[in-house]
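Q: I am new to this structure. Please pick one part for a close look, then show me how the rest is laid out around it.

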Amino acid sequence: MQQIIPGKSVKELDAAFIKDKGITSYKLMEQAALAFCDWFVEQISPENDLAVFCGTGNNGGDGMAISRLLWERGYSVKVFIMGDPANGSKDFKLNHEVLPEAIPVQLVENVNWENWKAKVIIDGVLGVGINRPLEGAYLDLIKRLNNFPAKRIAIDMPTGLPSDEILEGEAFKAMFTVSFQFPKMALLFPEHASYTGELVIKDIGISPDYFETFEPKMYYLEKKDIPELHKSFDRFSHKGNFGKVMLIGGSYGKMGAVRMASEAALRTGSGLVSCFVPRCGIQVLQSSLPEAMVEVSEQDHYLDEYPPDNLTRYDALGVGPGMGQHSKTAIMLEELLKLYKGPMVIDADGINLLASHPHLLNMLGHNIILTPHLKEFERLAGACAHQRERVDKVAEFVEKFQCTIILKGAHSLIACPDGTLNFNSSGNAYLATGGAGDVLTGMITSFLGQGYSPKEAAFCGVYHHGLAGELAGKVNRRGTIASDIIAKIPQTYLQLGIH
Ligand SMILES: NC(=O)C1=CN([C@@H]2O[C@H](COP(=O)(O)OP(=O)(O)OC[C@H]3O[C@@H](n4cnc5c(N)ncnc54)[C@H](O)[C@@H]3O)[C@@H](O)[C@H]2O)[C@@H](O)CC1
Ligand SMILES: Nc1ncnc2c1ncn2[C@@H]1O[C@H](COP(=O)(O)OP(=O)(O)O)[C@@H](O)[C@H]1O
Ligand SMILES: [K+]
C-alpha cells in the first residue's frame with residue numbers, strides 16, 4: 001500500500017531515493033514532470049494555450065520542466081515566474097536554463113493583467129515547501145488566478161495549502177491536483193475540497209520500501225491493493241463457506257435500512273443472511289427480500305431488550321441500521337456485546353446508543369468495527385473543529401478501545417488497532433445519498449462472515465462500496481440511490497478481476 005508521509009519529510013525521502021539509485025535530483029524532477037505530462041495530455045488538447053506559474057523552489061522547477069515537456073508535445077506555453085530567479089533552488093535554475101527560447105518567460109511583477117488570457121493555468125508556485133500562510137504578492141497572485149475564467153491545475157499541491165494541516169488564509173483553487181507518488185494528507189480533508197479539486201496521484205517510481213522508516217503509519221488504499229485481500233473458492237464450495245450473517249436493526253418506518261444492508265450482504269457474497277427486526281418488519285422483509293430469513297423480537301415497533309437466540313449460529317453480525325434508540329434496544333445492544341464474541345459491525349443508531357451509554361464503550365475490542373459518519377463520530381468522541389483534529393481523535397479512540405473505526409465520507413478513514421490510518425481512494429459524491437451507509441454495513445458484515453479479518457473486511461467493504469458508487473454514478477449521476485449502489489456490487493468484482 002502507498003504510505004502517506006508528512007510534507008516536511010519529502011526532502012528526506014527524495015534524498016534517500018536519489019542516493020540509493022545513484023540518480024540526480026534533476027532526474028527525479030524530470031520523472032515527476034513526465035508523470036504530470038502523461039496525465040495532462042490525456043485531459044487537455046493542444047489547442048488550449050497554457051500559462052505555467054512557477055515559484056523559484058522545486059515546485060517551480062517542476063513547473064519549468066513541465067513547460068518544456070508540454071511545449072515539446074505541441075502545446076503553446078507561457079511561463080510566469082513568481083519571486084527572484086537568481087535565488088532559485090538548484091533544480092529550478094537548471095530547468096530554467098534548459099527552457100527552450102521559444103517559450104516566453106515573464107516575471108509576475110511585470111505582467112499587465114488588463115488583456116491577459118489563458119485557457120489553462122498550471123500552478124507550480126509552491127508545493128510542500130510552504131511554511132507560512134500566503135501574503136503580499138503571492139496572495140495577490142493566487143487570488144487573481146482563482147478569479148480567472150480558466151481551467152486551474154496544481155502541480156503536487158495547490159499553492160498555499162499546507163501539506164498536513166488545515167488551511168489558514170487563501171490557496172490556489174485547483175480543479176485538478178496532480179500529486180506525486182502519494183496524496184499529501186491535507187488533500188484528503190473535506191475542508192479543502194474546493195482547493196484540491198479532483199485528486200490524481202502519479203507514480204514517480206519511489207517504491208514503498210523508501211517510505212517505511214517514516215511515521216505516522218498512514219496509507220492510501222488503492223485499486224491494486226484489493227485483489228490480494230480476497231479469498232478464493234473452489235468448485236466444491238457450499239453456502240456454508242460463504243458465511244452466515246445476521247443484520248440486526250429496523251424500527252417502525254425505518255425497515256428499509258436493514259433491508260438494504262441485508263441485500264448488500266447477499267450481493268457481496270454471503271451464503272446465508274438473516275435479519276432480526278421488530279415484528280412490524282416481517283412482511284416488509286419477507287416480501288421484498290425473499291433470499292433473507294427473518295426473525296422478530298416481541299415488540300411491534302422497536303427491538304426490545306432480548307437479543308436473538310443462539311447467536312453462535314452466525315459468523316458475523318451487523319447491528320444498527322434503522323434500529324432507533326429505544327432504552328430497551330440499548331439493553332439488547334449491551335446483551336449482544338456480552339454474549340457475542342464473533343466479529344460485529346456497529347453502525348448508525350448502534351453508534352448513537354454507544355454514545356448515549358458510554359459504559360458500553362469498554363466492551364468494544366478487536367472484533368468490532370464502528371462505521372460512524374463525521375457527526376456520529378463526534379457524538380462518540382466529542383466535537384472537533386476540523387478533519388485534522390478528527391483524524392487525531394479517531395486514532396486516540398482506536399488506541400483506547402482497540403476496535404476498528406471507519407470514519408465515513410469522501411476518502412473514508414479506516415483506523416485499525418494495529419495503529420495504521422488508511423484513507424480510501426474509491427467513491428465520489430454520488431454516494432452521498434440516504435441509505436449508502438446501510439449498504440456499507442451489509443457489505444462489511446458479509447466480508448466478516450466470509451472469514452475476512454476485521455482489517456481485510458473494512459478495506460474490502462469500503463473500497464468495493466466506493467467503486468459500486470462510482471459505477472452507479474456513471475449511469476445514474478445525481479439521481480443515484482442506495483439501491484443502485486447495491487445493484488453494482490457484483491460488477492465491482494468484475495472490475496477487480498475477482499471471481
Ligand atoms: N527531489 C525533488 O526535487 C523533487 C521535488 N518535487 C517538487 O518539489 C516541491 C517541493 O519543493 P521545495 O521544497 O523547493 O518547496 P516549494 O517549491 O514548495 O517552496 C519553495 C520555498 O518557498 C518558500 N516559501 C514557503 N512558504 C512561502 C510563502 N507562504 N510565501 C512565499 N514563499 C514561501 C520557502 O522558502 C520554500 O523553501 C514538491 O511539492 C514537488 O512539487 C518533485 O519534483 C519531486 C522531486
Ligand atoms: N462525497 C463522497 N465521496 C465518497 N464517498 C461518500 C461521499 N459522501 C458519502 N460517501 C459515502 O457514502 C456513505 C454514506 O453513509 P451515511 O452517512 O451513513 O449515510 P446513510 O446514513 O444515509 O446511509 C459512506 O460510506 C460515505 O463514505
Ligand atoms: K503548486
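A: Helices and strands here are DSSP runs, a helix having at least four residues and a strand at least two, and they are numbered from the N terminus. The model is a predicted one.

Start with Thr159. Thr159 sits in the loop between strand 6 (151–155) and strand 7 (176–180). Is Thr159 buried or exposed? A residue counts as buried if 20 or more other C-beta atoms lie within 10 Å of its own. Thr159 has 28 such atoms within 10 Å, so Thr159 is buried. What does Thr159 touch, leaving aside neighbours within four places in sequence? Its contacts are Asp123, Val125, Leu126, Ile142, Ala171 and Phe172.

Asp123 is the next stop. Asp123 belongs to strand 5 (residues 120–124). Asp123 is buried as well, because 30 other C-beta atoms lie within 10 Å. Residues up to four places away in sequence are again left out of its contacts. Those contacts include Phe53, Pro158 and Phe172. From strand 6 come others, among them Arg152, Ile153, Ala154 and Ile155. Thr159 and Ala174 complete the list.

Thr159 and Asp123 also share a label. An unreviewed UniProt entry places the feature "binding site" at Asn59, Asp123 and Thr159. These three span 101 residues in sequence, yet no two of their C-alpha atoms are more than 9.3 Å apart, so they gather at one spot.

Asn59 leads on to ligand 1. Asn59 is among the closest residues to ligand 1, together with Gly57, Asn58, Gly127 and Gly129. In total, 27 residues surround this ligand. Eleven of the shell residues are nonpolar, ten are polar and six are charged. Helix 1 (10–21), helix 2 (25–43) and helix 3 (58–72) each give the shell at least two residues.

Now step back. The unreviewed UniProt entry annotates residues 10–212 as "domain: YjeF N-terminal". Over that stretch the chain is 34% helix and 16% strand. The C-alpha atoms at its ends are 13 Å apart. A second annotation from UniProt, "domain: YjeF C-terminal", covers residues 222–496 and is also from an unreviewed entry. There the chain is 43% helix and 14% strand, and the end C-alpha atoms are 11 Å apart.

A separate domain assignment gives domain 1 (2–215) and domain 2 (227–495). Their centres, taken over C-alpha atoms, are 40 Å apart. Six residues from domain 1 and seven residues from domain 2 make the contact. On the domain 1 side, four of the touching residues are nonpolar, two are charged and none is polar.

Next comes ligand 2. Which residues come nearest to ligand 2? They are Lys408, Ala410, Gly427, Ala432 and Gly437, out of 19 around it. Seven of the shell residues are nonpolar, ten are polar and two are charged. Helix 13 (436–449) and helix 14 (454–476) each supply at least two residues. Helix 13 gives the largest share, four residues.

Helix 13 also packs against helix 10. Why is helix 10 (residues 348–356) largely enclosed by the rest of the structure? Seven of its nine residues are buried, so the rest of the structure largely encloses it. The buried ones are Ala348, Asp349, Gly350, Ile351, Asn352, Leu353 and Leu354. They pack against helix 9 (327–339), helix 11 (374–381) and helix 13, and against strand 13 (316–319), strand 14 (344–346) and strand 15 (368–370).

Strand 15 brings in its partner, strand 16. The two run parallel and are joined by two bridges. Leu370 stands opposite Ile405 in strand 16. In strand 16 (residues 404–407), Thr404 and Ile406 point one way, while Ile405 and Leu407 point the other. All four are buried.

Strand 16 pairs with strand 17 (residues 413–415) too. This pairing is antiparallel and has three bridges. Ile406 stands opposite Ile414 in strand 17. The two strands form a hairpin with five residues between them. Gly409 in the turn has a positive phi of about 145 degrees.

One last stop is Ile481. Ile481 is in the loop between helix 14 and helix 15 (482–495). Ile481 is partly exposed, with 16 other C-beta atoms within 10 Å. Its C-alpha atom is 8.0 Å from that of Leu431, although the two residues are 50 residues apart along the chain.

Notes: Residues numbered from 1 in each chain as written. Chains lettered and ligands numbered in written order. Predicted model: local features only at pLDDT ≥ 70, side-chain atom pairs only at ≥ 80, totals over all residues. UniProt positions renumbered as here; feature names shortened; annotations may be inferred. Domains from an automatic or database assignment. Contact = placed C-beta atoms within 7 Å. Nonpolar A, V, L, I, M, F, W, Y, C, P; charged D, E, K, R; others polar. Near = placed C-beta within 6 Å. Buried ≥ 20, exposed ≤ 12 C-beta atoms within 10 Å, placed from the backbone. Pairing = 2+ DSSP bridges.
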